[in-house]
Amino acid sequence: MSAPVARQIIKSMSIIMGEDGTNEGMKRLKCLARNTRYFRHRLREMGFIVYGNTDSPIVPLVGFVPGKVYVFTKMLVANGIATVGVSFPAVPLHQSRIRFCISAAHTKEMLDKVLDVIYKSGKHIHLMYSQRPPPATPVQFEEV
């Protein structure tokens with residue numbers, strides 16, 4: 001690891017722990033957790049299958065079919081949404097997915113715009129594979 005990268009990590013950890021005298025680090029962590037839960041919950045409501053830990057800001061949406069993942073990723077990029085399609089050989093052939101990276105800097109409006117494009121694109125190419133009923137409780141987007 002280079003010295004500048006190590007220094008950046010040390011500074012980031014210092015801010016998160018509040019050693020800079022502010023609560024900015026904790027505020028960002030709370031925003032990131034809120035954004036992550038909101039995004040994942042909304043994807044499940046729409047009928048998508050989402051892998052990974054509920055609190056992880058890396059959100060893998062399962063597409064199963066490599067060709068559909070490729071087309072879906074291209075549709076999102078054409079709409080200004082940066083995402084990554086992951087297929088074989090990086091993952092097993094039947095576990096192709098689309099990865100989204102959530103940030104504390106995302107606003108609800110940004111997330112809703114992306115979710116709208118995801119829904120329309122996913123519906124167009126039939127990516128809503130979930131057989132589970134949508135979550136019973138609606139997701140709340142609390143101010144931090």
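**Chatting through a predicted model**

Trainee: Where is the place of Phe-64?

Mentor: Phe-64 lies in strand E1. Helices (H or I, at least four residues) and strands (E, at least two) are DSSP runs, numbered from the N terminus.

Trainee: What should I know about the model before going on?

Mentor: This is a predicted model, in which local features need pLDDT of at least 70 and side-chain atom pairs count only at pLDDT 80 or more, while totals for chains, interfaces and linings use all residues. Residues are numbered from 1 along each chain as its sequence is written, and side-chain values use heavy atoms, with hydrogens and water left out.

Trainee: Thanks! Back to Phe-64: what is its phi?

Mentor: Phi of Phe-64 is near 65°, which is positive although the residue is not glycine. With a relative accessible area of 28%, Phe-64 is partly exposed. Here buried means under 20% relative accessible area, exposed over 50%, and partly exposed in between (1.4 Å probe, protein chains only).

Trainee: And how many residues of E1 are buried?

Mentor: Five of the seven, so strand E1 is mostly covered.

Trainee: In which sense do E1 and E3 pair?

Mentor: E1 and E3 are antiparallel, with six bridges. Two strands pair if DSSP finds at least two bridges between them. In this pairing Val-62 stands opposite Arg-97 of E3.

Trainee: New topic, helices. How many residues are in H2?

Mentor: Helix H2 covers residues 24–46, which makes 23 residues, and reaches 33 Å from first C-alpha to last, close to the 33 Å expected. That expected span is 1.5 Å times one less than the number of residues.

Trainee: Which residues of H2 are buried?

Mentor: Quite a list; among them are Cys-31, Tyr-38, Phe-39, His-41 and Leu-43. The buried residues of H2 pack against helix H1 (3–16), strand E1 (58–64), strand E3 (96–101) and helix H4 (108–124). Just after H2 comes Gly-47, with a positive phi near 105°.

Trainee: You named Cys-31. How many disulfides does the count come to?

Mentor: Zero, taking a disulfide as a pair of cysteine sulfur atoms within 2.5 Å. For Cys-31, the nearest cysteine sulfur is that of Cys-101, 18 Å away. Cys-31 counts as buried because its relative accessibility is 11%, whereas Cys-101 counts as exposed at 53%.

Trainee: What about H3, which residues are buried there?

Mentor: Val-69, Phe-72, Thr-73 and Leu-76 are the buried ones in H3. They cover an arc of only 100° around the axis, so they sit on the same side of H3. The arc is that of the directions from the helix axis to the C-beta atoms.

Trainee: Why would residues a few places apart point the same way?

Mentor: An α-helix has 3.6 residues a turn, so residues three or four places apart point the same way. On the other side of H3, Tyr-70 and Ala-78 are exposed.

Trainee: What covers the buried side, then?

Mentor: The cover over the buried residues of H3 includes E1, strand E2 (84–86), E3 and H4. Gly-80, which follows H3, has a positive phi near 80°.

Trainee: Which residues touch the most other members of the largest nonpolar core?

Mentor: Out of 23 residues in that core, Phe-39, Leu-43, Phe-72, Leu-76, Ile-98, Phe-100 and Ile-118 do. H2, E1, helix H3 (66–78), E3 and H4 each supply at least two residues of this core, and H4 gives the most, with five. A nonpolar core is a set of buried Ala, Val, Leu, Ile, Met, Phe, Trp, Tyr and Cys residues joined through side-chain atoms within 4.5 Å.

Trainee: Is Ser-121 in H4 buried or exposed?

Mentor: Buried, because the relative accessible area of Ser-121 is 5%. Leaving aside neighbours within four places in sequence, Ser-121 is in contact with Phe-72, Met-75 and Leu-76, where contact means heavy atoms within 4.5 Å. Ser-121 and Leu-76 are 45 residues apart in sequence, yet 7.5 Å apart in space, C-alpha to C-alpha.

Trainee: Last one: which residues does a cis peptide bond join?

Mentor: Phe-88 and Pro-89, with omega about 15°. Pro-89 belongs to the loop between E2 and E3.
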